[in-house]
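Reader: Please take me through a single part of this structure in close detail, starting from its surroundings and working down to individual side chains. I would rather have one connected account than a list.

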Amino acid sequence: MALRGKLIAVIGDEDTCTGFLLGGIGELNKNRRPNFLVVEKETSVAEIEETFKSFLSRDDIGIILINQYIAEMIRHVIDAHTLSIPAVLEIPSKEHPYDASKDSILRRAKGMFSTDDFR
């Protein structure tokens, strides 16, 4: 049996998830669990956090894409994730532009290098 690559998971608003699903990322695992969560007004922070944690524990997911404004709701959980796989990437949404100062991965990467490293 051929080895399969890892999946991309998405936690985002309807437009973001629809775009990625139209691009072909939608999958169900053997337990019939999807690799995406559409966050709506009535979606609780607990549900977002639980879905994020479930994506972290799945061995078939290599990248988690999350709208940055949703990532802000569960920032403490994202900041606690220090492994490189699955990689967590914060992306903009149509309604909320990307703010690099809020991206915990970018802040961590900047902290690894000082200005002296580039002289």
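Author: What follows is a close look at the third strand and the residues around it.

The model is a predicted one, and the chain in it contains five helices and four strands. Read along the sequence, these elements come in the pattern β-α-β-α-β-α-α-β-α. Of the 119 residues, 34% count as buried, and among contacts between residues at least 6 apart in sequence, 66% join residues at least 24 apart.

The strands make an open sheet of four, in the order β2-β1-β3-β4 and with parallel pairing. At its edges stand β2 (36–38) and β4 (87–91), each of which has a single partner strand, so one side of each is left without a neighbour in the sheet. From one strand to the next, the twist averages 20 degrees. In the strand order, β3 stands between β1 and β4.

Towards β1, β3 pairs in the parallel sense over five bridges. Within this pairing, alanine 9 has isoleucine 64 of β3 as its bridge partner, and valine 10 stands opposite leucine 65. Towards β4, β3 again pairs in the parallel sense, over five bridges, and here isoleucine 66 stands opposite glutamate 90.

Helices also cover the sheet. Helix α1 lies across β1, β2, β3 and β4, running at about 160 degrees to β1, while α2 packs on the sheet and touches β1, β2, β3 and β4, its direction making about 170 degrees with that of β1. As for β3 itself, the strand is mostly covered, with six of its seven residues buried.

In a regular strand the side chains alternate between the two faces of the sheet. With that in mind, it is worth asking which cores the residues of β3 and its neighbours belong to. The largest nonpolar core has 17 residues, and Ile11, Ile48, Phe52, Ile66 and Ile78 are the members that touch the most others. At least two residues of this core come from each of β1 (7–12), α2 (45–57), β3 (61–67), α3 (68–73) and α4 (75–80). A second, separate core of five residues includes Val10, Cys17, Leu65 and Ile91. Thus Ile66 belongs to the largest core, whereas Leu65, next to this residue in the numbering, is listed in the second one, together with Val10, the residue that stands opposite leucine 65 across the β1 pairing.

Isoleucine 66 deserves a closer look. Leaving aside its neighbours within four places in sequence, isoleucine 66 is in contact with Ile11, Ala71, Ile74, Ile78, Val88, Leu89, Glu90 and Ile91. Two of these, Ile11 and Ile78, are, like Ile66 itself, among the residues that touch the most other members of the largest core.

One of the contacts of isoleucine 66 is Glu90, and this residue leads to a charged group. The side chains of arginine 75 and glutamate 90 meet in a salt bridge, 2.6 Å from N to O, which links distant parts of the chain, arginine 75 being in helix α4 and glutamate 90 in strand β4, 15 residues apart. Both partners are covered: arginine 75 is buried, with a relative accessible area of 12%, and glutamate 90 also counts as buried, at 7% relative accessibility. Salt bridges that share partners join Glu72, Arg75 and Glu90 into one network. A search of the whole structure finds five salt bridges.

Just before β3 in the sequence, another pair is found: the side chains of arginine 58 and aspartate 60 meet in a salt bridge of 2.9 Å, N to O. Arginine 58 counts as buried at 13% relative accessibility, while aspartate 60 is partly exposed, with a relative accessible area of 22%.

A last residue, in the loop between β1 and α1 (14–22), is aspartate 13. Leaving aside its neighbours within four places in sequence, aspartate 13 is in contact with Val38, Val39, Asn67, Tyr69, Ile70, Ser93 and Lys94; of these, Asn67 falls within the range of β3 (61–67). Aspartate 13 is buried yet has no salt bridge, and lysine 94, the nearest side chain of opposite charge, is 8.1 Å away. This stands in contrast to glutamate 90, which is buried and does have a salt-bridge partner in arginine 75.

Note on methods. Residues are numbered from 1 along each chain as its sequence is written. This is a predicted model: local features need pLDDT of at least 70, side-chain atom pairs count only at pLDDT 80 or more; totals for chains, interfaces and linings use all residues. Side-chain values use heavy atoms; hydrogens and water are left out. A nonpolar core is a set of buried Ala, Val, Leu, Ile, Met, Phe, Trp, Tyr and Cys residues joined through side-chain atoms within 4.5 Å. Buried means under 20% relative accessible area, exposed over 50%, partly exposed in between (1.4 Å probe, protein chains only). Contact means heavy atoms within 4.5 Å. Lys and Arg count as positive and Asp and Glu as negative; His and the chain ends are not counted. A salt bridge is a side-chain nitrogen of Lys or Arg within 4 Å of a carboxyl oxygen of Asp or Glu. Two strands pair if DSSP finds at least two bridges between them. Axes are lines fitted to C-alpha atoms, for helices over the stretch in contact, and angles run from 0 to 180 degrees between N-to-C directions.
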